[in-house]
Amino acid sequence: MEGKRSSMSKFKFNISMSLDGYIAGPNQSLENPLGVGGEQLHDWALKLKSFREAHGEPGGETGTNDDVLR
């Protein structure tokens, strides 16, 4: 197989994870997809400039957290 290139797709997404490895709260359901309290894991990103720009919203905080998200 010398000279052949692999055609592997790339997939990229952003997600918050707690230090102990959780990405959602307990008791996930269709009505509550992030589980009980799961939204709190992502609160840090919602106010950042990079997040807001990616969702077509103006403003937002800059700094270290925004640098990491970007």
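How many salt bridges does the structure hold? The structure holds 4 of them, a salt bridge being a side-chain nitrogen of Lys or Arg within 4 Å of a carboxyl oxygen of Asp or Glu. The views below visit some of these pairs and a nonpolar patch.

This is a predicted model, in which local features need pLDDT of at least 70 and side-chain atom pairs count only at pLDDT 80 or more, while totals for chains, interfaces and linings use all residues. Residues are numbered from 1 along each chain as its sequence is written, and side-chain values use heavy atoms, with hydrogens and water left out.

**View 1. Confidence along the chain.** The average pLDDT of the chain (the predictor's confidence in each residue, from 0 to 100) is 85. A score of at least 70 is reached by 86% of the residues. Among the elements of the chain, helix H2 (residues 49-54) has the highest mean pLDDT, 93, and helix H1 (residues 43-46) the lowest, 88. Helices (H or I, at least four residues) are DSSP runs, numbered from the N terminus.

**View 2. A nonpolar patch on the surface.** Here Ile15, Met17 and Ile23 make a patch of about 290 Å². Such patches are made of residues with over 30% relative accessible area and no salt bridge, nonpolar side chains (Val, Leu, Ile, Met, Phe, Trp, Tyr) being joined within 5 Å. Accessible areas come from the Shrake-Rupley method with a 1.4 Å probe, and for residues only the protein chains shown count as cover. Look for Ile23 in the segment before H1. Ile23 is partly exposed because its relative accessible area is 38% (buried means under 20%, exposed over 50%, partly exposed in between).

**View 3. The pair of Arg52 and Glu57.** Side chains of opposite charge can pair when their charged atoms come close. In this view, Arg52 and Glu57 meet in a salt bridge, 3.0 Å from N to O. Arg52 is partly exposed at 23% relative accessibility, and Glu57 is also partly exposed, at 37%.

**View 4. Arg70 and its two aspartate partners.** Arg70 forms a salt bridge with Asp66, with 3.6 Å between the closest N and O atoms. A salt bridge also links Arg70 to Asp67, at 2.6 Å from N to O. Shared partners join Asp66, Asp67 and Arg70 into one network. Which of these residues is buried? Asp66 is, because its relative accessible area is 2%, whereas Asp67 is partly exposed at 45% and Arg70 is exposed at 64%.

Key:
Helix = DSSP H or I, 4+ residues; strand = E, 2+ residues; numbered from the N terminus. Patch = residues over 30% accessible without salt bridge, like charges linked within 9 Å, V, L, I, M, F, W, Y side chains within 5 Å. Buried < 20%, exposed > 50% of the residue type's maximum accessible area, 1.4 Å probe, protein only.
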